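Me: Please take a close look at one buried polar side chain in this model, and then set it beside the nonpolar interior.

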Amino acid sequence: MCSSDLEDANEIALTADPVSVSNQSTVKLGIAATDLAMAQQGDLWADKLDIFLVQRDDAGLHAQVTGQILGLRLKPGTYQKTLREGIPFDQVVENGPATGSLRIVVLDENSGRLGSVTLPATALPAKQQGGLAFHGAPK
């Protein structure tokens with residue numbers, strides 16, 4: 001089964017824009033906050049997102065998975081802005097020569113909803129060679 005045979009989850013809308021930043025391949029991810037189940041806790045809006053990066057080889061037989069948790073605790077003004085503009089997330093990727101595709105998966109811990117986006121490795125700027133590095137950082 002190749003990556004083109006897999007369908008992306010669409011309960012959370014995601015956008016992905018591969019770019020080169022500081023000589024590194026980066027996927028600028030946009031997460032639709034309106035698809036999340038943020039819960040009001042006192043004066044703040046809170047949620048946790050599990051963000052996984054799956055790097056598959058050309059044959060689709062092997063994958064390397066890394067991930068992290070993005071904790072959200074937003075003030076009301078920031079919450080409203082996030083609902084309008086979404087949540088930006090920069091994913092730095094080291095694209096190795098055998099990399100066939102990348103899939104980014106976002107899980108909303110409050111609701112269990114999933115969103116994913118799959119990119120062919122050829123969509124990434126060819127700046128890095130070697131293994132995989134996960135250095136996602138929210139803005």
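Reply: The side chain of R103 makes a polar contact of 3.4 Å with the side chain of D8; such a contact is a pair of N or O atoms within 3.5 Å, one able to donate a hydrogen and the other to accept it, and residues adjacent in sequence count only if both atoms are side-chain atoms. The model is predicted: local features need pLDDT of at least 70 and side-chain atom pairs pLDDT 80 or more, while totals for chains, interfaces and linings use all residues. Residues are numbered from 1 along each chain as its sequence is written, and side-chain values use heavy atoms, with hydrogens and water left out.

A polar contact of 2.7 Å also joins the side chains of R103 and T118. R103 is found in strand β7 (residues 99-108); strands are DSSP runs of E with at least two residues, numbered from the N terminus. With a relative accessible area of 16%, R103 is buried, a term that means under 20% (1.4 Å probe, protein chains only).

Turning to the interior, the largest nonpolar core has 25 residues, the core being a set of buried Ala, Val, Leu, Ile, Met, Phe, Trp, Tyr and Cys residues joined through side-chain atoms within 4.5 Å. Strand β7 is one of the elements that give two or more residues to this core, and β4 gives the most, with four residues. I31 and L49 have the most contacts inside the core. Leaving aside neighbours within four places in sequence, I31 is in contact (heavy atoms within 4.5 Å) with residues including L49, F89 and V106.

Definitions and conventions
Buried means under 20% relative accessible area, exposed over 50%, partly exposed in between (1.4 Å probe, protein chains only).
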